[in-house]
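Reader: Could you take me on a close look at the ligand site of this model? I would enjoy one connected walk through it.

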Amino acid sequence: MQKIPDFQAWKARAQRISMLTCYDFSTARLLARTSVDALLVGDSCAMVVHGHPDTLHATVDMMALHTAAVRRGAPDKLVIADLPFLSYRAGIDRAVDAVDALMKSGANAVKLEGADGNTELVAHLVASGVPVMGHLGLTPQSVQVLGGYRTQARDATRAARLVADARALEAAGCFAVVLECVPAEVAERVTGALSVPTIGIGCGPEVSGQVLVINDLLTMDPDFRPRFVRAYAGLGPLLVDAAQRYCEDVVAGRFPAIGEFVSEPALAEAGTGP
Ligand code: KIV
């Protein structure tokens, strides 16, 4: 299994890091066969698995359930779980309870969004034995404040602020920082300012690693095609096609066919009564 200290070593030797989101047992079992460095049980599961319009609907119970499923499917992978909206903003005690639930569900580390008001908690968690990954740039839990899902840090002041926030998270003890949807030049600047790795999504190539939402990489939703996603497979359309052909076969009596059920001809004589 990859270990948290590996992140520092990967950054030191400029070895690119791969991370994918994962929310369920069967996907985790398949991803366990790949060389992916870490699985992120992202709070995006509130959207892509549960159909909510944003990540604000994720709860600690939801995240714990998905984290446990991913851990069962990928016992040897490094699993990072998202702390959901507000679960780490109502005091250290409540945050620690949320972290405890995720770690006991099988997470090796947790991720939280933003630096402002979080550095004390990060330091406390790290001192308590909990590895913490930061998340800056487009922080979806703040979608209402940000006014939508749009590229962040597009001017010099905001770019400088992002660098300062990233440094603050590193100083507090974060082992890595996710950067979401910031201009490639800004992501490169942040990456150069840190000794811990940056994991980018929608941030270009000059970061220490990349993360994608697995549903996007597989095109589970053909209507959602942001520029920064590469569709490695077209599973959504394949699934629709397979399910449609199944329905047609059932209606036409083509499924099940010989060989797809158990047949005991002698039982035809046995009658149906007691
Ligand atoms: O929840 C999530 O999927 C994430 C990634 C976009 C980094 O935080």
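Author: Happy to; here is the ligand site, followed by a few local features of the chain. The model is predicted, so to speak of local features takes a pLDDT of at least 70, side-chain atom pairs count only at pLDDT 80 or more, and totals for chains, interfaces and linings use all residues. Residues are numbered from 1 along each chain as its sequence is written, and side-chain values use heavy atoms, with hydrogens and water left out.

The ligand sits in the largest pocket. A pocket here is an open set of points on a 1 Å grid over the protein atoms alone, with protein on both sides within 12 Å along at least five of seven lines; a molecule sits in it if more than half of its atoms lie within 2 Å of its grid points. Around the ligand there are 13 residues, and Gly 42, Asp 43, Ser 44, Asp 82 and Lys 111 come nearest (a residue is near if one of its heavy atoms lies within 4 Å). This shell divides into five nonpolar, four polar and four charged residues, where Asp, Glu, Lys and Arg count as charged, Ala, Val, Leu, Ile, Met, Phe, Trp, Tyr, Cys and Pro as nonpolar, and the others, Gly among them, as polar.

Three side chains place a polar atom by a ligand oxygen: Ser 44 at 2.5 Å, Lys 111 at 2.8 Å and Asp 82 at 3.1 Å. A polar contact is a pair of N or O atoms within 3.5 Å. On its own the ligand has 260 Å² of accessible area, and the protein covers 96% of that (Shrake-Rupley method, 1.4 Å probe).

Elsewhere in the chain, the peptide bond from Phe 255 to Pro 256 is cis, with omega near 0°. Ala 14, although not a glycine, has a positive phi of about 55°.

Notes: Polar contact = N/O pair within 3.5 Å; in protein donor to acceptor, adjacent residues only side chain to side chain. 1 Å grid on protein atoms, 1.4 Å probe; cavity = no way out; pocket = protein on both sides within 12 Å on 5 of 7 lines; lining within 4 Å.
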